[in-house]
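Work through the following exercises with the sequence and the coordinates at hand. Each task is followed by a solution that goes step by step.

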Amino acid sequence: WRDECASFSRLLYKNLGMRFSKEFLYTSGITALLAISILFLDASKYDTADRIWLSLLIGFSILFIPFLINRKAFIFNTSASLMLGGFAALVWISYAFSQTKNFGFSEAVIYTFIALIGLSLTTLEEKSRKNLLAIILIIAVISSLYGFWYFPFHGETRLAGLFLNFQNYRNFFPNAFANFLLLSWPLVFIIAPDKTRLKVVILAILSAALYLTFSRGAWLIFAIQLIGLTIYFRKTLKIFTLRGGATIILTILIITGLLNFRAQNFKNITLNEKLTFKNSESSTSIKERIDFWLGATRLSLDRPLTGHGPMSFRYVYPPLQKTSLAISDHPHNWLLKIASENGIPAVILFTAFLILLLYIVIKKSAHNPKTFLLGLALFGGAFHNMIDYNLNFLTTILAFFIIAGAILAEHKPAEKKTKILNIPAVIIWLILIIMVPILSFVAGSSKIF
């Protein structure tokens with residue numbers, strides 16, 4: 001009897017240990033954060049200064065992350081660790097010299113956090129990384145289905161899914177939702193590679209939702225992603241075409257059904273209006289973006305080392321503003337935003353990180369379809385943010401760096417080449433992990449941010 005009890009106890013301990021391991025707690029925490037970020041979008045939009053509670057909570061939680069992950073994450077890919085750690089450090093330096101210190105603290109916290117998340121995924125088990133990718137895909141599907149319900153019954157002319165403020169439905173963000181869909185849809189081929197019918201249904205749902213966001217930039221990037229997917233899988237084009245045909249038919253049925261149903265109560269945007277820039281909301285969008293890009297370039301040259309400070313664009317751009325009311329929180333280009341707000345060294349480090357990811361994707365894609373699909377998702381989202389920045393939501397930027405971490409995990413550099421860089425990488429992250437929680441605690445206690 002005692003032997004049986006002892007055996008049962010060992011089995012129970014083993015199962016509970018596996019179930020409630022550090023890795024399980026860590027991935028559960030990220031999953032919970034993704035869910036919170038989509039349900040509390042007012043806090044998830046971290047560049048809104050009066051809703052900072054989630055950013056402060058994240059900043060304080062950074063202190064506990066090293067206890068839940070393998071510490072080798074900081075030296076798994078030392079080059080990436082130095083690039084991301086250096087970038088996060090430069091963002092904080094930029095904040096220290098910011099001209100608009102009342103703003104930007106939350107962005108500095110989030111940039112540090114998501115960089116840490118990207119690195120930490122490199123040492124997780126493959127199953128854990130796949131589970132996180134599946135969560136991103138599930139959120140995309142649920143958000144699309146909610147949008148299908150909301151869209152026909154409300155006056156908003158574009159579908160935004162769950163990217164809206166439940167307390168104030170006028171605050172909705174279809175472009176951010178479109179960006180999240182660009183990051184999500186290629187993951188279908190990773191999460192459900194052998195489930196043909198499920199794959200067709202999910203792709204049709206996401207494609208229809210993407211169309212109904214009426215985001216021209218997202219349509220363009222989606223078309224490029226589809227071309228890339230077709231070229232990569234050209235050897236299985238016959239099977240691919242059959243499944244693609246079924247997906248297209250179902251997508252068209254969903255779109256036409258929703259638009260016809262909505263037309264009974266509201267006027268719809270037509271495809272011709274969007275493509276020919278005839279609708280009022282887009283008549284000046286291209287010119288304004290060009291002005292923003294030129295203005296951001298000038299601002300980055302004004303203060304090339306530290307930039308004007310995180311989230312400062314709205315406040316330093318007006319002297320360069322050419323058109324009345326043509327103002328934005330950012331220059332609608334991720335790299336120009338970093339250059340103008342955080343300095344040229346920061347944008348160099350971050351661009352180097354993106355180039356490293358591209359190198360891994362190109363190197364591994366020849367024999368690894370999974371890496372290609374991850375790259376298709378990541379760079380689809382990245383390129384969209386070069387014409388329409390939407391990573392000022394925790395949901396989108398967290399999804400981006402989860403995918404980035406999954407790509408980093410596909411490639412481990414030779415230890416001899418990077419060993420000399422391990423010490424500075426660890427020192428940078430040690431300083432950040434100690435500093436950010438303290439600043440977040442002080443900020444939350446004093447309510448000065």
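**Exercise 1.** Locate leucine 63 relative to the helices and classify its exposure.

*Solution.* In this predicted model, leucine 63 lies in the loop that runs between helix H4 (53-61) and helix H5 (73-76). The next step is its relative accessibility, which is 34%. Because buried means under 20% and exposed means over 50%, leucine 63 counts as partly exposed.

**Exercise 2.** Identify the nonpolar surface patch that includes Leu63, and find which helix gives the largest share of the patch.

*Solution.* Leu63 joins Phe60, Phe64, Phe67, Leu430, Ile434, Ile438, Phe441 and Val442 in a nonpolar surface patch of about 870 Å². Assigning the patch residues to helices then shows that helix H22 (residues 422-446) supplies the largest share, namely five residues.

**Exercise 3.** Describe the ring geometry of phenylalanine 60 and phenylalanine 441, and compare the exposure classes of the two residues.

*Solution.* The whole structure holds 35 aromatic pairs. In one of them, phenylalanine 60 and phenylalanine 441 have ring centres 6.3 Å apart and planes at 35 degrees, so the pair is classed as tilted. This pair links distant parts of the chain, since phenylalanine 60 belongs to helix H4 and phenylalanine 441 to helix H22, 381 residues apart. As for exposure, phenylalanine 60 is partly exposed at 35% relative accessibility, whereas phenylalanine 441, with a relative accessible area of 52%, is exposed.

**Exercise 4.** Find the ring over which the charged end of arginine 262 sits.

*Solution.* The charged end of arginine 262 sits over the ring of phenylalanine 151, at 4.9 Å from the ring centre.

Technical notes:
Residues numbered from 1 in each chain as written. Predicted model: local features only at pLDDT ≥ 70, side-chain atom pairs only at ≥ 80, totals over all residues. Heavy atoms only, no water. Patch = residues over 30% accessible without salt bridge, like charges linked within 9 Å, V, L, I, M, F, W, Y side chains within 5 Å. Areas by Shrake-Rupley, 256 points an atom, 1.4 Å probe, with all protein chains shown as cover. Salt bridge = Lys/Arg side-chain N within 4 Å of Asp/Glu carboxyl O. Helix = DSSP H or I, 4+ residues; strand = E, 2+ residues; numbered from the N terminus. Buried < 20%, exposed > 50% of the residue type's maximum accessible area, 1.4 Å probe, protein only. Phe/Tyr/Trp six-rings, centres within 6.5 Å; stacked < 30°, edge-to-face > 60°. Lys NZ or Arg CZ within 6 Å of the ring centre and 35° of its normal.
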